[in-house]
Amino acid sequence: YGIVNNGFHDLNAEQPFPAPAGYYALSGVSSFDPIPSNFSTPQRCYDGYFCPRGSIGPEGSGPCPTGYFCPTPMLAVACPTGYMCPGVGNTFPRECVPGTYQPLKGQSNCTLCPTGRICPGYTRTSTEL
């Protein structure tokens, strides 16, 4: 596409451009260089939210789901064993505290240690006698 000029194609870029992944723009952007509070440039999305290319608001397409954490606006990671990811919009997993454990990935809570068992220390994945 574009006009052939001396064997090269001159591409006619369309503006406004969609915001890049991790950023939003209310009606597209004129530049890919973010400038805080200049809404003709991309603005950073909220932490803990999915923000794919072309997002038009700071919450992108929604919060990181329960049982996951989102260290970046484009990456949802299942909560590891020994941790929990309660609610939505987590940016990091939370450790299971002493007296609890979690043997499964992708969980929103830790399990209380059953009677007759012990769960000493943080990030437990199993119980002890």
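**Disulfides, strands and a buried serine**

Counting the bonded cysteines along the protein chain, the disulfides follow the pattern 1-2, 3-4, 5-6, 7-8, 9-10. The structure holds five such links. It should be said at the outset that this is a predicted model.

As for the overall make-up, the protein chain has zero helices and twelve strands. Read from the N terminus, the order of elements is simply β-β-β-β-β-β-β-β-β-β-β-β. The chain has 129 residues, of which 25% count as buried. About 8,100 Å² of the protein chain is exposed, with carbon and sulfur atoms supplying 57% of that area. Turning to contacts between residues at least 6 apart in sequence, 28% of them join residues at least 24 apart.

One pair of strands gives a handy place to start looking. Strand β7, made of residues 68–72, pairs with strand β8, residues 75–78. The two run in the antiparallel sense, and three bridges connect them. Together β7 and β8 make a hairpin, with two residues sitting between them. Within this pairing, F69 has V77 of β8 as its bridge partner. As a general point, side chains in a regular strand alternate between the two faces of the sheet.

Next come the disulfides themselves, taken here in sequence order for three of the links. C79 is joined to C85, with an S to S distance of 2.0 Å. The link of C79 and C85 is right-handed, with 80 degrees about the S-S bond. As for exposure, C79 and C85 are both buried.

Further along, C96 is bonded to C110, and here the S to S distance is 1.9 Å. The link of C96 and C110 is left-handed, at -85 degrees about the S-S bond. C96 lies in the loop between β10 (94–95) and β11 (100–101), while C110 lies in the loop between β11 and β12 (111–112), so this disulfide ties together parts that are 14 residues apart in sequence. C96 is buried, and C110 is too.

The remaining link described here is that of C113 and C119, whose sulfur atoms are 2.2 Å apart. Its torsion about the S-S bond is about 80 degrees, so the disulfide of C113 and C119 is right-handed. What about the exposure of its two cysteines? C113 has 19% relative accessibility and therefore counts as buried, the cut-off being under 20%. C119 is also buried, with a relative accessible area of 5%.

Away from the cysteines, S55 is worth a look. This serine lies in the loop between β5 (49–50) and β6 (62–63). Is S55 buried or exposed? Its relative accessible area is 7%, so S55 is buried. A polar atom of the S55 side chain lies 2.7 Å from the backbone oxygen of P52. Leaving out residues up to four places away in sequence, S55 touches A19, Y23, Y24, A25 and G60.

To pull the threads together, the predicted model shows a chain with twelve strands and zero helices, and the structure holds five disulfides. Among the links looked at here, C79 and C85 form a right-handed one, C96 and C110 a left-handed one, and C113 and C119 a right-handed one. Alongside these, the hairpin of β7 and β8 and the loop serine S55 round off the picture.

Definitions and conventions
Residues numbered from 1 in each chain as written. Predicted model: local features only at pLDDT ≥ 70, side-chain atom pairs only at ≥ 80, totals over all residues. Heavy atoms only, no water. Disulfide = S-S within 2.5 Å. Buried < 20%, exposed > 50% of the residue type's maximum accessible area, 1.4 Å probe, protein only. Helix = DSSP H or I, 4+ residues; strand = E, 2+ residues; numbered from the N terminus. Polar contact = N/O pair within 3.5 Å; in protein donor to acceptor, adjacent residues only side chain to side chain. Contact = heavy atoms within 4.5 Å. Areas by Shrake-Rupley, 256 points an atom, 1.4 Å probe, with all protein chains shown as cover. Pairing = 2+ DSSP bridges.
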